[in-house]
Amino acid sequence: AIFYEIVYSIIYSIKYFEFGSHILKSENKNATDIVPCAYYFLHEISNFINEKNIKNIVDLGSGFGRTANFLSDNTKANITGYELNKKVFKKSLMLKNRNVRFFNKNIMQVNYDKIKSQCFIMIDPFTKNEDTIKLQKKIIQSRTSKKNTFYLITVNINKKLLNKNLKNLKSIKTGKKGVINFLVKN
């Protein structure tokens, strides 16, 4: 899997003219540093989204927009990203693709009841485990009245922190700590 990560990073860095660092230290003690998702993971996520015919996605902690823009190019979905860091949010607006909307907002303060989305993506946005657990509960509670299937895709989040009300459809492990979990709630 490390081999695929390297190959995909080279291919997509060239494709998107993305050279140099896109890593930034977080200004908020509750948020992890801004580190872009590996292209191999994004490739696997886009395959899943296409396979499930997902039309609306929310990227929770969208950073500079790599995930949202990649999915915009490789799926037919509309993507909404929420980013807390104002400087990173402004940069993401300059880089955004079609079918992508970004908002400068704390994902813990989003009203998920008003969001029409089939899929949420969490790429390790929090420094505190309890925030990861809280956010999942918030999303699940917002979906219970809708009675629709929804998906949660997590990247680099410990399986012990995943909500037990979500069924794990598939996990892809890469390296010691790298893992993507594809979860569903019917």
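## Exercises on a pocket and its sheet

The second largest pocket has a lining of 16 residues, and those that lie nearest its centre are Thr80, Tyr82, Arg101, Ile115 and Lys116. Keep in mind as you work that this is a predicted model.

**Exercise 1. Describe the second largest pocket: its volume, the makeup of its lining, and the strands that supply the lining.**

Step 1. Start with the volume, which is about 280 Å³.

Step 2. Next, sort the lining residues by character: six are nonpolar, six are polar and four are charged.

Step 3. Now assign the lining to elements. Strand S1 (56–60) and strand S2 (78–83) each contribute at least two residues. The largest share, four residues, comes from S2.

**Exercise 2. Trace the chain from S1 to S2 and give the handedness of the crossover.**

Step 1. Look at the pairing of the two strands: S1 and S2 are parallel, with five bridges between them. Two pairs help you find the register. Asn56 has Asn78 of S2 as its bridge partner, and Asp59 stands opposite Gly81 in S2.

Step 2. Follow the connection. From S1 the chain passes through H3 to S2, and this β-α-β crossover is right-handed.

Step 3. Check how covered the elements are, taking under 20% relative accessible area as buried. In helix H3 (residues 66–74), seven of the nine residues are buried. They are Arg66, Thr67, Ala68, Asn69, Phe70, Leu71 and Ser72. S2 is mostly covered too, with five of its six residues buried.

**Exercise 3. Continue from S2 to S3: which helix completes the β-α-β unit, and what is its handedness?**

Step 1. Begin again with the pairing. S2 and strand S3 (residues 100–104) are parallel and share five bridges. One of the partnerships to look for joins Glu83 to Asn104 in S3.

Step 2. Add the helix: S2, helix H4 (residues 86–95) and S3 form a β-α-β unit, and this unit is right-handed.

**Exercise 4. Lay out the whole sheet and explain why S3 and S6 each have one side without a neighbour.**

Step 1. Write down the strand order. The sheet is open, has seven strands and mixed pairing, and runs S3-S2-S1-S4-S5-S7-S6.

Step 2. Read off the two ends. S3 and strand S6 (167–174) are the edge strands, each with a single partner strand, so one side of each lacks a neighbour in the sheet.

Step 3. Consider the twist: on average, neighbouring strands of this sheet are turned by 15° against each other, direction ignored.

**Exercise 5. Work through the S5, S7 and S6 part of the sheet: in which sense do these strands pair?**

Step 1. Take S5 and S7 together. They run antiparallel and are joined by six bridges. In this pairing, Phe150 stands opposite Lys185 in S7.

Step 2. Move on to S6 and S7, which are antiparallel as well, over seven bridges. Here Lys170 has Phe182 of S7 as its bridge partner.

Step 3. Ask how enclosed S7 is. Of the eight residues of strand S7 (residues 178–185), seven are buried, so the strand is largely enclosed by the rest of the structure.

**Exercise 6. Classify Ile153 as buried or exposed, and locate it relative to Ile121.**

Step 1. Place the residue: Ile153 belongs to strand S5 (residues 150–155).

Step 2. Apply the cut-off of under 20% for buried. Ile153 has 0% relative accessibility, so it counts as buried.

Step 3. Compare sequence with space. Ile153 and Ile121 are 32 residues apart in sequence, while their C-alpha atoms are 4.7 Å apart.

How values were computed: Residues are numbered from 1 along each chain as its sequence is written. This is a predicted model: local features need pLDDT of at least 70, side-chain atom pairs count only at pLDDT 80 or more; totals for chains, interfaces and linings use all residues. Side-chain values use heavy atoms; hydrogens and water are left out. On a 1 Å grid over the protein atoms alone, a cavity is a set of points where a 1.4 Å probe fits but cannot get out, and a pocket is an open set with protein on both sides within 12 Å along at least five of seven lines; lining residues have an atom within 4 Å of a point. Grid points are joined across faces, edges and corners, and a volume is the space filled by probe spheres set on the points. Ala, Val, Leu, Ile, Met, Phe, Trp, Tyr, Cys and Pro count as nonpolar, Asp, Glu, Lys and Arg as charged, and the others, Gly among them, as polar. Buried means under 20% relative accessible area, exposed over 50%, partly exposed in between (1.4 Å probe, protein chains only). Two strands pair if DSSP finds at least two bridges between them. A crossover is right-handed if, with the strands pointing away from the viewer, the path from the first strand over the helix to the second runs clockwise. Axes are lines fitted to C-alpha atoms, for helices over the stretch in contact, and angles run from 0 to 180 degrees between N-to-C directions.
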